[in-house]
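Hi,

Here is the model I said I would pass along. Have a look at it first, and then read my notes below.

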Amino acid sequence: MSCADWYLTFLFYKWYSRPSLCPFPHFHCRRAHTVTVLFILTCALVYVTLLEETPQDTAYNTKRGIVASILVFLCFGVTQKCKFWWCLLLFLSSSIQTVHDGRQFMKYIDPKLGVPLPERDYGGNCLIYDPGNTTDPFHNIWDKMDGFVPAHFLGWYIKTLMIRDWWMCMIISVMFEFLEYSLEHQLPNFSECWWDHWIMDVLVCNGLGIYCGMKTLAWLSMKPYQWQGLWNIPTYKGKIKRIAFQFTPYSWVKFEWKPASNLRRWLAVLGIIFMFLLAELNTFYLKFVLWMPPEHYLVLLRLVFFVNVGGVAMREIYDFMDDPKFHKKLGQQAWLVSAITVTEFLIVVKYDPHTIMLPIPSLIIQCWFLGILLILIWTVWRFFIRSLPSPSTSGGRCLDITLRYKETRRRKQEAPADWDRPLGNGSTAAPSGRSKLNGSSETLRQRKS
């Protein structure tokens with residue numbers, strides 16, 4: 001590190017330890033600023049990955065990757081504390097390498113990697129019943145029954161446990177099928193039959209996984225959470241049950257996203273759906289650009305990592321969105337998952353920009369433009385137009401205010417008339433100034449009416 005780097009580090013430490021010395025009092029030097037740091041880090045990654053030309057020197061790129069990993073580790077260390085930061089550093093270091101070096105780097109993990117792999121096309125013969133094949137007319141269905149069928153079911157079962165909302169899960173499931181339709185000109189793996197999209201994926205695998213997940217959520221919400229020590233349980237059956245319940249949540253919180261309640265929650269739900277879809281696409285594009293077979297154990301490890309981190313991240317996002325006064329910063333796992341997802345996408349764009357930039361058919365562009373336009377129109381109508389008071393409502397409010405004002409004024413005018421009434425000792429009160437000038441209050445009410 002240079003002298004300037006040491007001096008900046010000393011300044012930041014001094015500002016953090018003594019906030020009164022911070023030259024930016026409105027920035028709150030002691031606060032973490034997780035969202036701000038994430039945005040600045042993303043902008044820097046976009047510049048280094050997409051705009052800056054990568055040198056062809058492997059040794060120089062390796063040193064740059066190590067330095068970038070150290071800087072990101074320092075940024076992450078002063079804002080968050082998490083044990084999965086190494087995964088972010090691995091993807092960050094890969095994003096600075098060239099395409100050849102990044103693919104050859106995978107050989108250090110598994111010597112079998114780094115070899116081009118043929119993509120399998122699922123959209124060949126789409127006949128459910130093939131009369132030309134007399135031995136097995138349903139061979140097209142059996143050909144699609146591979147390891148991805150239970151993987152789809154298990155994946156959506158776990159996603160339902162993470163999101164805890166039936167509507168959001170179904171929207172993400174259907175939207176991903178539309179993405180496969182839209183991007184099948186880039187990845188042949190997305191080319192599937194219509195019944196493979198909507199019957200096997202949406203209805204059978206995804207739908208059944210979401211249904212089982214919702215049933216599990218209902219059981220977890222009704223389950224009593226009373227924890228006690230294992231040795232305090234007298235029976236062996238109770239001990240075994242306690243061991244099994246160790247893998248269930250410590251407590252339970254029902255997620256009520258309510259996206260239409262206000263604009264902040266609506267934008268947060270849209271961001272969650274977008275990040276889920278982007279993470280799903282990264283799974284297929286990373287296998288394509290890194291020459292990694294679908295059945296490789298690294299693909300499974302990545303999914304296991306996202307399951308462990310994503311569940312906690314969803315709880316942190318929900319708390320940050322539901323109670324921003326108590327949860328004033330974005331959670332650790334949510335920050336990490338967002339950074340890793342963006343870094344994966346930048347790796348895909350850098351390693352194979354030609355595939356990403358293949359022209360999309362005009363019909364697909366028109367459909368997506370129409371869908372985005374409808375979302376924008378609904379957002380403006382729901383949160384900016386509908387929230388304004390209608391003329392009938394505003395007129396009713398004005399009429400109510402006018403009636404209350406007249407009633408209050410009438411009571412004030414009736415008050416002097418009480419002074420003219422005889423008191424309990426037979427004496428009468430002195431007339432008020434208004435009675436002297438304008439007569440009695442009864443005459444005054446008649447004149448005003």
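**Notes on the helices, the core and a few residues**

Let me start with residues 297–314: this span is 100% helix and 0% strand, and its end C-alpha atoms lie 25 Å apart. Bear in mind throughout that this is a predicted model.

The stretch comes from a record, by the way: the unreviewed UniProt entry annotates it as "transmembrane region", along with 32–50, 70–92, 166–183, 195–214, 266–285, 334–351 and 363–384. I also checked residues 166–183, where the ends are 26 Å apart between C-alpha atoms and the span is 94% helix with 0% strand. That fits the chain as a whole, which has 18 helices and 0 strands.

Some overall numbers while we're at it. The chain has 449 residues, and 36% of them are buried. If you take the contacts with a separation of 6 or more, 71% are between residues 24 or more positions apart.

**The cores**

The largest nonpolar core has 38 residues, and the ones touching the most other members are I163, F190, W257 and M314. Two or more residues come from each of α7 (148–163), α8, α9, α11 (263–289), α12 (297–322) and α13 (332–351). Which of these elements gives the most to the core? That would be α11, with 10 residues.

W257 is worth clicking on. Setting aside residues up to four places away in sequence, W257 touches I163, D165, M168, R265, V269, I272, M314, Y318 and M321. There is another core apart from the big one, made of 9 residues, including A313, L330, L336 and I340.

**α7 against α12**

These two helices pack with their axes 8 Å apart, at an angle of about 25 degrees. Angles under 35 degrees count as roughly parallel, so α7 and α12 are roughly parallel to each other. On the α7 side the residues involved are I158, M162 and I163, and they meet F306, V307, G310, G311 and M314 of α12. I163 and M314 turn up here again after being named among the residues that touch the most other core members.

**Polar residues to look at**

Q186 is in the loop between α8 (166–182) and α9 (194–222). Is Q186 buried or exposed? Its relative accessible area is 7%, and the cut-off for buried is under 20%, so Q186 is buried. Beyond its neighbours within four places in sequence, Q186 contacts Y285, T355, I356 and L358. I356 sits 170 residues away along the chain, yet the two C-alpha atoms are separated by 7.0 Å. The Q186 side chain also reaches the backbone oxygen of I356, at 3.2 Å.

T216, in helix α9, makes a side-chain polar contact of 2.9 Å with Y157. Not counting residues up to four places away in sequence, T216 touches Y157 and L161.

**Two backbone oddments**

R164 is not a glycine but has a positive phi of about 60 degrees. You'll find R164 in the loop between α7 and α8, and at 18% relative accessibility it counts as buried. W291 is the other one I noted: not a glycine either, with a positive phi of about 55 degrees. W291 lies in the loop between α11 and α12 and counts as partly exposed, at 23% relative accessibility.

Cheers

Notes:
Residues numbered from 1 in each chain as written. Predicted model: local features only at pLDDT ≥ 70, side-chain atom pairs only at ≥ 80, totals over all residues. Heavy atoms only, no water. Helix = DSSP H or I, 4+ residues; strand = E, 2+ residues; numbered from the N terminus. Buried < 20%, exposed > 50% of the residue type's maximum accessible area, 1.4 Å probe, protein only. Contact = heavy atoms within 4.5 Å. Polar contact = N/O pair within 3.5 Å; in protein donor to acceptor, adjacent residues only side chain to side chain. Core = buried A, V, L, I, M, F, W, Y, C linked by side-chain atoms within 4.5 Å. UniProt positions renumbered as here; feature names shortened; annotations may be inferred. Axes fitted to C-alpha atoms, helices over the stretch in contact; angles between N-to-C directions. Parallel < 35°, antiparallel > 145°, perpendicular 65-115°, else oblique.
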